[in-house]
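Trainee: I am new to this structure and should be grateful for a close look at one part of it. Please begin with a short orientation.

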Amino acid sequence: MKKILFAFAAVLMLASCCRQAPRKELASHVIVIGLDGWGSWCMEKGQYPFIKEMMQEGSWTLLKRPVLPSDSGPNWAAMMNGTPVESSGWYGNDPEPRFKPLVQTEHKNQPTFFHLMKEQRPADECGVVCEWGDFLNYADTLCLDYYKRIHHASQYPDAVVEESVKYITEKKPTLCFIHIDALDHMGHAFGQGSDEYYAELPLVDERVRKIVEGVKAAGIYDDSIIMITSDHGHIGGSHGGYSQLELETPFVIWGKGVKKNHEIKETMIQYDMAATVAKILNLETPQSWRGKALDVFE
Ligand SMILES: [Zn+2]
């Protein structure tokens with residue numbers, strides 16, 4: 001009888017092992033669109049029809065917090081490297097960390113999600129299209145298959161759309177980060193809450209729509225997750241401090257398997273985005289990462 005019971009238990013254990021599916025990615029493509037200086041304060045009065053539609057199509061929060069200081073460099077860095085400034089050393093808009101990172105790759109940086117991609121999924125395509133040149137410092141270009149800085153965005157704002165769509169169409173990247181600077185320029189030039197800032201918002205919204213149309217035309221939309229996010233808000237004509245206007249930025253995520261019409265009630269800090277990307281692409285994250293993946297998947 002004992003032998004029969006042991007055999008039965010062994011069969012049960014085997015069956016339960018077989019039921020465990022291998023860990024798998026949640027989508028084959030992640031497209032992140034970063035809108036520099038996009039503060040949540042503009043969401044009440046502003047015009048952004050496409051982004052509004054995508055909020056209903058997916059999950060969002062208007063309470064995402066930056067890391068401090070609320071400057072561009074530390075925040076784009078945290079989104080990609082999953083750690084707070086105290087760990088990464090990316091304290092300012094600098095070409096290299098201001099102080100020694102707690103963990104360093106062979107490129108002397110805290111590992112970004114692009115670095116994880118190169119280590120764990122080396123055959124997969126990763127790229128960046130950005131309007132702000134310093135963005136490339138935080139992305140770790142040595143881990144990118146493609147990167148392009150747009151130099152003439154102020155004269156020709158659709159250049160970022162055209163470069164992004166061309167890249168997405170040709171390479172169908174697994175991970176692509178696109179940076180658009182226009183709102184931040186308006187915030188610095190004319191101030192938070194200015195007519196000029198509000199006038200720029202629907203134009204940026206339209207650029208985001210065109211990029212998403214490009215993802216659809218490339219035939220990868222149904223197997224993609226798209227995010228729109230920002231590094232910091234603005235107060236007056238500046239940022240870098242800790243006023244609510246600088247601290248609250250939107251985050252929108254939609255696509256394959258993402259909860260629809262869902263307001264994210266969890267707290268979100270900039271580095272949670274890296275963890276969320278890693279979860280989608282089934283990347284193992286280093287011990288030094290502090291971000292948590294958002295609970296936005298069905
Ligand atoms: Zn910025």
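Trainee: How many helices and how many strands are there in the protein chain? Please then look closely at helix 8 and helix 9: at what angle do they pack?

Mentor: This is a predicted model, in which local features need pLDDT of at least 70 and side-chain atom pairs count only at pLDDT 80 or more, while totals for chains, interfaces and linings use all residues. Residues are numbered from 1 along each chain as its sequence is written.

The protein chain has 11 helices and 8 strands; these are DSSP runs numbered from the N terminus, with helices being H or I of at least four residues and strands being E of at least two. Its radius of gyration, 20 Å, is close to the 19 Å that the globule rule gives for 298 residues, so the chain is as compact as a globular protein of that length. That radius is taken over C-alpha atoms, and the rule is 2.2 Å times the number of residues to the power 0.38.

Helix 8 covers residues 182–190 and helix 9 residues 195–217; they pack at an angle of about 175 degrees, with axes 9 Å apart. The axes are lines fitted to C-alpha atoms over the stretch in contact, and angles run from 0 to 180 degrees between N-to-C directions. The two helices are therefore roughly antiparallel to each other, a term for angles over 145 degrees.

On the side of helix 8, the contact is made by Ala-182, Leu-183, Met-186, Gly-187, Ala-189 and Phe-190. Helix 9 contributes Glu-196, Tyr-197, Glu-200, Leu-201 and Val-204. Two residues are in contact if their C-beta atoms, placed from the backbone, lie within 7 Å. The residues of this contact divide into 8 nonpolar, 1 polar and 2 charged. Here Ala, Val, Leu, Ile, Met, Phe, Trp, Tyr, Cys and Pro count as nonpolar, Asp, Glu, Lys and Arg as charged, and the others, Gly among them, as polar.

Helix 9 also matters to a wider grouping, the largest nonpolar core, which has 79 residues; helix 9 supplies the largest share of this core, 7 residues. Such a core is a set of buried Ala, Val, Leu, Ile, Met, Phe, Trp, Tyr and Cys residues joined through C-beta atoms within 7 Å. A residue is buried if 20 or more other C-beta atoms lie within 10 Å of its own, and 48% of the 298 residues count as such. Phe-113 and Val-252 have the most contacts inside the core. Beyond its neighbours within four places in sequence, Val-252 is in contact with residues including Ile-51, Trp-60 and Ile-228.

Notes
Angles under 35 degrees count as roughly parallel, over 145 as roughly antiparallel, 65 to 115 as roughly perpendicular and the rest as oblique. A residue is buried if 20 or more other C-beta atoms lie within 10 Å of its own, exposed if 12 or fewer, and partly exposed in between; C-beta atoms are placed from the backbone.
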